[in-house]
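Biologist: Could you walk me through reading a few features of a model? I'd like the general idea before the particular case.

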Amino acid sequence: AIDVSNCILLDVNSLVDDLSRLCPKLESCTANQFLPAAMASAPYSVLAEMFAHLKKLHFAPSVMLLSSGPVSADSLFGRCAPLVELSLNHLAVSDVTLWRIIQRSVHLRVFRYIGSNISTARMVHIATRCADLREIDVTCIEYNADTAVIAVAKHCTKLNTLTLRNCTIH
């Protein structure tokens, strides 16, 4: 596992090269509030290579990073390996990219999507595709999350923790 949270990464390319060479079995990456020294998009294509081999990914870009320009979640996560844990905080991911990740991650156990809105349709898709989920923590925008809650209850029988933020349930 590697955690580069709250770090300034001077050379993301070297980090990824070294990790690929020295830690070929690296399965977990936490990158919360990290900041590449160079704000160019190049480091993100390098991170995408690293993400292609992970089983656990916890990612929340820094506020400075988000304010410096758009971070393409599609380019970062489009090639993710099948995951067992996925935390995407304060980063909007397109329906297409999330669908691709979930299609490959049928054994997903932890799903956190905090600070960005998730629709009922996305939540239903995740619940029906990932029956091994044990923890769900999401921010909702729809006024009625009943359909999502019913889908989670029906399909995610191993669930221990369900956190729904900013949702209305009837």
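Modeller: Sure, let's go through the fold, the cysteines and the aromatic rings. Keep in mind that this is a predicted model.

Biologist: How many helices and strands does the protein have?

Modeller: There are seven helices and nine strands. Of its 170 residues, 45% count as buried.

Biologist: And what share of the contacts with a separation of 6 or more comes from residues 24 or more positions apart?

Modeller: Such pairs make up 73% of those contacts. As for the surface, about 8,600 Å² is accessible, and 55% of that belongs to carbon and sulfur atoms.

Biologist: Now the cysteines. How many disulfides does the structure hold?

Modeller: The general idea is that a disulfide covalently bonds the sulfur atoms of two cysteines. Here the count is zero.

Biologist: Why is Cys 130 not in a bond with Cys 156?

Modeller: Because the two sulfurs would have to lie within 2.5 Å. The sulfur of Cys 130 has its closest cysteine sulfur in Cys 156, 7.5 Å away, so that is too far for a bond.

Biologist: Are those two cysteines buried or exposed?

Modeller: Cys 130 is buried, at a relative accessible area of 0%, and Cys 156 is buried too, at 4%.

Biologist: Last one: how do I read aromatic rings?

Modeller: You describe a pair by the distance between the ring centres and the angle between the planes. This structure holds one aromatic pair. Phe 111 and Tyr 113 form it, with centres 6.1 Å apart and planes at 10 degrees, which counts as stacked.

Biologist: Which side of the burial cut-off are Phe 111 and Tyr 113 on, buried or exposed?

Modeller: Both Phe 111 and Tyr 113 are buried.

Key:
Residues are numbered from 1 along each chain as its sequence is written. This is a predicted model: local features need pLDDT of at least 70, side-chain atom pairs count only at pLDDT 80 or more; totals for chains, interfaces and linings use all residues. Side-chain values use heavy atoms; hydrogens and water are left out. Buried means under 20% relative accessible area, exposed over 50%, partly exposed in between (1.4 Å probe, protein chains only). Helices (H or I, at least four residues) and strands (E, at least two) are DSSP runs, numbered from the N terminus. Contact means heavy atoms within 4.5 Å. Accessible areas come from the Shrake-Rupley method with a 1.4 Å probe; for residues, only the protein chains shown count as cover. Rings of Phe, Tyr and Trp (its six-membered ring) pair if their centres lie within 6.5 Å; planes under 30 degrees apart count as stacked, over 60 as edge-to-face and the rest as tilted.
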